[in-house]
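Please walk through the interior of this protein, taking its strands, its packed core and its enclosed spaces in turn.

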Amino acid sequence: MKVAVIGGGPGGLYAAALLKRLDPAREITLWERNAPDETFGFGVVLSDETLGGIQHADPLVYAALQRDFVRWDDIDIVHRGVRHRSSGHGFAALGRRRLLEILHERCRALGVEIRFRSEAPDADRLATTHDLVIAADGVHSTTREAYAPVFRPHVATHRCRYTWLAADFPFDAFRFEIAETEHGVMQLHGYPFAADASTVIVEMREEVWRAAGFAETDEQQSVETCAKIFADALDGRPLRSNKSAWTTFRTVVNDRWSHGNVVLLGDAAHTAHFSIGSGTKLAVEDALALAACLTEQPTLTEALAAYEAERRPVVASTQRAARASLEWFENLALYLDQPPRRFAFNLLTRSRRVTHDNLRLRDARFTAAVEREFGCPPGTPPMFTPFRLRGLTLRNRVVVSPMDMYSAKDGVPGDFHLVHLGSRALGGAGLVMTEMVCVSEEGRITPGCTGLWTGRQTEAWRRITDFVHTQAPGTAIGVQLGHAGRKGSTRLMWEGIDEPLPDGNWPLVAASPLPYKPGSQIPRELSRAQLTDIREQFAAAALRAVRAGFDLLELHCAHGYLLSGFLSPLTNLRDDAYGGSPAKRLRFPLEVFDAVRAVWPEEKPMTVRISATDWAEGGNTAEDAVEIARAFAAHGADAIDVSTGQVVAEERPEYGRSYQTPFADRIRNSAGVPVIAVGAISSWDDVNSLILAGRTDLCALARPHLYDPHWTLHAAAEQGYEGPGVVWPAPYRAGSRRPQTGRTDAPKPRLTLRS
């Protein structure tokens, strides 16, 4: 096999070495445009997991790396002159130039031909003369661009500028230092990579960078200015550069990684923000996987498919974590006034890779100090601390999220709803929410939706709230009021979600006459008189909710239903007082809120669920969501329940673990209003992490409560918590400990005998 490698970074070099080691008969040529000792940046961080893969695949490379690695365990966060240290993290780093030297030596020893100071021939040409072409030519890959119609790259730029520098002394920890300057917030990321040197990255938002004058300074002036700004961190010592231009990070994603016999590797295929130290790590892991797949699979086509199938999920997960970290630093100014330890905890858990439980294992003393600062009583996880909304005190931070069950008849909740909501109330959550309860027959999503437009429905709901208050004392139950708008008159979810009824349809109304998707019914645009009628329907339903005994009321202004349809510029095309500017689009939802608040008891809280982004071009964004939240809070909303999307059918959500929580975080820390986070929060560890970091006040979980109605009770049992934050019903107390299971661990050897 003849192999061409384009690019002599760590990924390309390691791929060449591995392929040659696995089959010495392979003829491998690597092209690198720079000289052997030319490289950007300074230090490289590798994880123990990556090092383990290197050790298994090539012990000689591993041994060479081991001799040069600098290892440390601590992270320092310095903010407003106070340093907090967290231990137990485990890092290994070495100089990037030394890493390249090790890989150069290994390639030469194995017989790989390296052509330095040479531009590689076009990938098209190489593909005809070689059996395999590995494009490891970096974030600005010319190969990727040449095959753009096939690879379909998506490149996103971000809001911060950064530069790679070095200091001629070793930090004794991974150091994050925050500088609040007259121009704005700047941050330093620093770590040792040799016994006498550290990498220093200085980063700030674009507008801060310009205000500080960096756009007009040359390289040396920038270096000197950075050294002055972070003089305390550097102990007055200078910084040095290495072609250190200010740049904006580019996130690269490709729909495909291979075409014929050409395959992308490392930054050519994907990038992840440096704040989680993953660029070189990912490239090396790509090389390991590609070499393995080429060995294991019978054909090149199958090998490249297997390589992509193996690496894509891992890379996607890393990119989600990196994106969360990147955005945290972009929005750093939001967190500056947090209590010191909470700020440090927030920074450490920003990517969601490090969590509350994970950090407690690494550094129990630091985590306990954060919990004390937050106000956790001894032995109490953050999720089991109380939270007050107006006159209602929730005993813990867990909410059973609203979930449409589509199981009512004539809008009346029946035995199913009693068991469904009752069992989850017995399950320990602080607040149990109903599904969207419709304010009129015409406002239903499906024929199976519940309602509050008749006295019979009110009595049926009273039966359920009485059960919750009697059998699960301490658990609150809330009602979510809504109107389907243009998303109504559809089939039950399991018969075809959002599909029109085959017969028996009712007429729909909306802000504008736009169908939800092709084939959907076209709604009528609401007139002024109809707006008044619907506002009164909401108020009447709220009065029935009072009689039904609910503790909290939520107004549903999300997911493309009627009130959400007024908020989004994609669904509200009106040119009257209820459309156009954001303030006008808010007018009707706020009128409805005011009408409901006027009849809802003063001591009982009201929340509002919103879609914080439409996930579609031209729609509402996170910035718009902050202003929407501010408007509802100004009218008396006690908390904002922050969901996203489902507003337009052509949305493109960015799914992932806890993927909606950054929007709740943004609203909480920008608008200063309590929030409920929702969306792919599945573990009690996530709940503890989000609350302790100050990203949310309450966490709403839906599917986990479908899987386990007693999710909160079990979360307490698994954490060994017994206290007022969750109470096992008396008949269930015998089950408050995990059932015993058979042993799954093997006896450990007691002696190791030497031969």
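How many cavities of 30 Å³ or more does a search of the whole structure find? In this predicted model, the search returns 8 of them, and the two that rank highest in volume can be described through the residues that line them.

The largest cavity holds about 90 Å³ of space. Its lining includes the run Arg486, Lys487, Gly488, Ser489 and Thr490, together with Asp498, Pro500, Asn505 and Leu508, and is completed by Tyr516, Ser520 and Gln521. By residue class, this lining divides into 3 nonpolar, 6 polar and 3 charged members. The second largest cavity contains about 70 Å³, and among the residues around it are Gly485, Arg486, Ala510, Ala511, Ser512 and Leu514, as well as Gly560, Tyr561, Leu562, Gly565 and Thr571. Here the division is 5 nonpolar, 5 polar and 1 charged. Arg486 appears in the lining of both cavities.

From these spaces we turn to strand β25, residues 552-557, in which 6 of 6 residues are buried. In a regular strand the side chains alternate between the two faces of the sheet. In β25 both faces are covered, with Leu552, Glu554 and His556 buried on one side and Leu553, Leu555 and Cys557 buried on the other. The strand also has pairing partners: β22, residues 476-482, runs parallel to β25 and is joined to it by 4 bridges, with Gly478 bridged to Leu552. Strand β26, residues 606-611, likewise pairs with β25 in the parallel sense, over 5 bridges, and there His556 has Arg609 as its bridge partner.

The next topic is nonpolar packing. The largest nonpolar core has 85 residues, of which Leu481 and Phe632 touch the most other members. Leaving aside residues up to four places away in sequence, Phe632 touches Cys557, Leu586, Pro589, Leu590 and Phe593, and also Val608, Ile610, Ala637 and Ile640. One of these contacts, Cys557, is the residue already met among the buried positions of β25. A second core, separate from this one, comprises 66 residues and includes Leu46, Leu126, Tyr147 and Ala322.

Finally, helix α26, residues 711-718, has Trp711, Thr712, Leu713, Ala715 and Ala716 as its buried residues. The elements that cover them include the strands β20 (398-400) and β29 (698-701), along with the helices α16 (415-426), α24 (684-692) and α25 (703-707). After α26 comes Gly720, whose phi is positive, near 70 degrees.

Methods. Residues are numbered from 1 along each chain as its sequence is written. This is a predicted model: local features need pLDDT of at least 70, side-chain atom pairs count only at pLDDT 80 or more; totals for chains, interfaces and linings use all residues. Side-chain values use heavy atoms; hydrogens and water are left out. A nonpolar core is a set of buried Ala, Val, Leu, Ile, Met, Phe, Trp, Tyr and Cys residues joined through side-chain atoms within 4.5 Å. Buried means under 20% relative accessible area, exposed over 50%, partly exposed in between (1.4 Å probe, protein chains only). Contact means heavy atoms within 4.5 Å. On a 1 Å grid over the protein atoms alone, a cavity is a set of points where a 1.4 Å probe fits but cannot get out, and a pocket is an open set with protein on both sides within 12 Å along at least five of seven lines; lining residues have an atom within 4 Å of a point. Grid points are joined across faces, edges and corners, and a volume is the space filled by probe spheres set on the points. Ala, Val, Leu, Ile, Met, Phe, Trp, Tyr, Cys and Pro count as nonpolar, Asp, Glu, Lys and Arg as charged, and the others, Gly among them, as polar. Helices (H or I, at least four residues) and strands (E, at least two) are DSSP runs, numbered from the N terminus. Two strands pair if DSSP finds at least two bridges between them.
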